[in-house]
Amino acid sequence: MALCGFSLNPSVESVEVSHFYGLLRTTLIRPGCLRFVQKSACSTRRKLQEVRCSSSRKAVSPMESEGNPLTAMPVSGEEEPGDVTRFKMSDFKLLDRVSVGLAGKADELVFEAVVKDSSSPLHNLRVVLRRLTSAQAQRRGRRAIEVLKKLVHRRILYHSYSMQVYGYVTSQTSSGHSSFTLVHGYHGSFSLRHWLQQSDWLPTLEATLALDEESVRRVGDDSVGGPAVSRQLRLIRILMRDLLIGVNYLHSHGIAHTELRLENVHISPVDRHIKVGILGNAADFYEDGSSGSALEGNMVRRQMMIAFDMRCVGFMMAKMVIRELMDPLIFAKFKSFLMKGNDPSCLREFLLPILTRNSPTGNIGLQILDRNWGAGWNLLSLLLAVRPSKRISCLDALRHPFLCGPRWRVVPSMDIIRWGLGSTAVKIAEEYIYRQAQRGRLAHFIELMEMLNPHSRPKNWLEFLPGKWRVLYSTGRHIGLTLRQPPICVLIGDAFLTITRASKSNTSLSIVSEIGFTVMSGHDWPHDKRGIKGKLQVNSVSSLKAGRRLYLKKPKEGFSLRQSNSEESLMEKLSSRRWRKAMPFKEFPSSLPVAKLLPDDIEVSMSLDETLKQGIDVARNIVQEIRTQVPPEMFELSNIVCGTYVDSRMLVLRGVNGSALVFTRKVVDDNDR
């Protein structure tokens, strides 16, 4: 951001501007009369009216720099747009301040003024004068007026969700260039970004929006107040729904905003609506042309523009929920994660170390996104999807469970049900309290996930399997160090399964199991976890083919192999009325399709950071202790029989003894290589 100080006579056309570019602190500057010190070449002091101006030095958007023919309009200052008012500078009384939240680009000068023309319907109304100095900026101003004319038949909705453009001021300057000043509404001192940067932003915004039972009922909630997490979630629902309604209003009229950012969004304390800017860079979906190729190109153009706006909405939602992303360094890592083509469904795995490390907000954002079976992470992944065709639309986002309060009955889709099952299993596993109730609940959710596996064919597995997977939970036995006295104390770290495909022409897979551990010396290991770090690696090659997992049904009479308690509870659960509608089959199946893994010989290697002085027997004890603590399938890869569930973020493999291993996809960082 940059500040530009200047002095002027009563006519704005004679402004001499001196720009002082530099980086400003991101702390909020409250509206006030902050004056610049004037320096004059003459010895005589002249009393001139001083105005404070704020502008930002920002890069021009890609759509703008390409010279989009839809936004490139004539820059003639004498053209008379209809349905707007042409003002004169004498109609305004300039104020000596301007709020930081109204900062413009480097080629814009922003003033606050009051209409003093008694014959105008805007008499005594505070407005913003945005003087556009360059030809490109003037095109943005005229584009905002053109959008107003296009949406004039639904002016009520336009004024509710966009900054009101009242008119313009145009004249010839002394140097012969045309001057164009846009006159638009003043909707408070701060942009949404400046609201969120305040330490007391939550109660301040609640007071600004005047939240009461009637207002929260509009988002499906039934109460006000409550803990900070509930209050912030309620406020985010209100802001996001208002933002999506405004963006959908533009999309339904064939217009894309293209500049949705927190800096361009304001909250009006009058009508309590979000204003999505002045639409100076708004672009039309459709180009002129009636040929078949032109119509096809228009549909592609429409899809890409809607997807671009929805991605911007996703960035805004992420910053509203996760306050740590307001830090430019953390947001740069967040954006780099997406720019590398990583699947947004793995955002939680990527952000979890950042959010749990010295979090100043107490992980409120993490709690909000984890609520309702992880619905917030699901909506965020749909808004930020890598493929534009996979991004959610405004209407579908408004129906998403994350933005609907408890009073609204939302019928979730099958994808959201699968997401919720996986998210709940992850949350239970992270609690690390594996009592019998938790273990039974986890096994129950894993069985449900396998029933709803969306990718059962081997070709789908070949697409999703490659990558690095972190072991999250095993339904087999769990043996630790607490109740034992092993010959050597080994603390197990993270265990990963790295799967790579040799080539696209065959189905062979290279599987590498990596287990990190620490060899702790002494008997005070519960308090002192220091020791020699090491890594155990198991390599194998496996082929993949289609298979089926059989479920043994209990006969009516005679002896039979009894089913496990988890399968019995699963059958009872699926027969209930709630799950009967979600299941793709009417009764419990006798078998389900799986991906059968056929592993080859394995090769085991171990490396340590320091040399062991005790000899080969200690190394043998280390390997034996690792085999005791980790799931046997991670050491003996030949024990992995089949894969029963896979998607972009989770994987379930079954061992020869029937136990299940649950994995989450690990995002490979440059530091891990």
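The following exchange between a student and a tutor concerns the salt bridges and helix packing of a predicted model.

Student: What conventions apply to the numbering, confidence and atoms of this model?

Tutor: Residues are numbered from 1 along each chain as its sequence is written, and side-chain values use heavy atoms, with hydrogens and water left out. Because the model is predicted, local features need pLDDT of at least 70 and side-chain atom pairs count only at pLDDT 80 or more, whereas totals for chains, interfaces and linings use all residues.

Student: How many helices and strands are there in the protein chain?

Tutor: Helices (H or I, at least four residues) and strands (E, at least two) are DSSP runs, numbered from the N terminus. Of the 673 residues in the protein chain, 51% are buried, where buried means under 20% relative accessible area, exposed over 50% and partly exposed in between (1.4 Å probe, protein chains only). Contact means heavy atoms within 4.5 Å, and residues 24 or more positions apart account for 71% of the contacts with a separation of 6 or more. The protein chain holds 19 helices and 21 strands.

Student: How many salt bridges does a search of the whole structure find?

Tutor: A salt bridge is a side-chain nitrogen of Lys or Arg within 4 Å of a carboxyl oxygen of Asp or Glu. With this criterion, the search of the whole structure gives 19.

Student: Which residue of helix H11 forms a salt bridge with arginine 348?

Tutor: The N to O distance in this salt bridge of arginine 348 is 3.0 Å. Arginine 348 belongs to helix H10 (residues 347-355) and its partner to helix H11 (residues 364-383), so the bridge ties together parts that are 22 residues apart in sequence. Arginine 348 is buried at a relative accessible area of 14%, and the partner is buried at 15%. The residue is aspartate 370.

Student: Is glutamate 430, which also meets arginine 348 in a salt bridge, buried or partly exposed?

Tutor: The side chains of glutamate 430 and arginine 348 meet at 2.7 Å, N to O. Glutamate 430 lies in helix H13 (residues 414-431) and arginine 348 in H10, so this pair ties together parts 82 residues apart in sequence. With a relative accessible area of 33%, glutamate 430 is partly exposed.

Student: With which residue does glutamate 450 form a salt bridge?

Tutor: In this salt bridge the closest N and O atoms are 2.8 Å apart. The pair links distant parts of the chain, with glutamate 450 in helix H14 (residues 436-451) and its partner in strand E20 (residues 650-655), 204 residues apart. Both residues are buried. The partner is arginine 654.

Student: How many residues of H10 are buried?

Tutor: The buried residues of H10 are Leu347, Arg348, Glu349, Phe350, Leu351, Leu352, Ile354 and Leu355. They pack against helix H9 (328-339), H11, H13, strand E14 (467-474) and strand E21 (660-666). H10 is therefore largely enclosed by the rest of the structure, its buried residues numbering eight of nine.

Student: Are H13 and H14 roughly parallel or roughly antiparallel to each other?

Tutor: Axes are lines fitted to C-alpha atoms, for helices over the stretch in contact, and angles run from 0 to 180 degrees between N-to-C directions. H13 and H14 pack at about 155°, with their axes 9 Å apart. Angles under 35 degrees count as roughly parallel, over 145 as roughly antiparallel, 65 to 115 as roughly perpendicular and the rest as oblique. H13 and H14 are therefore roughly antiparallel.

Student: Which residues in H11 are met by residues in H10?

Tutor: H10 and H11 pack at an angle of about 140°, with their axes 12 Å apart, and are therefore oblique to each other. From H10, the residues Leu347, Arg348, Leu351, Leu352 and Leu355 take part in the contact. On the H11 side they meet Leu366, Asp370, Trp377 and Leu380.

Student: Where is glycine 655 placed, and is this residue buried or exposed?

Tutor: Not counting residues up to four places away in sequence, glycine 655 touches Glu633, Asn639, Ile640 and Val641. Its C-alpha atom is separated by 8.8 Å from that of serine 638, 17 residues apart along the chain. At 7% relative accessibility, glycine 655 counts as buried, and its place is in strand E20.
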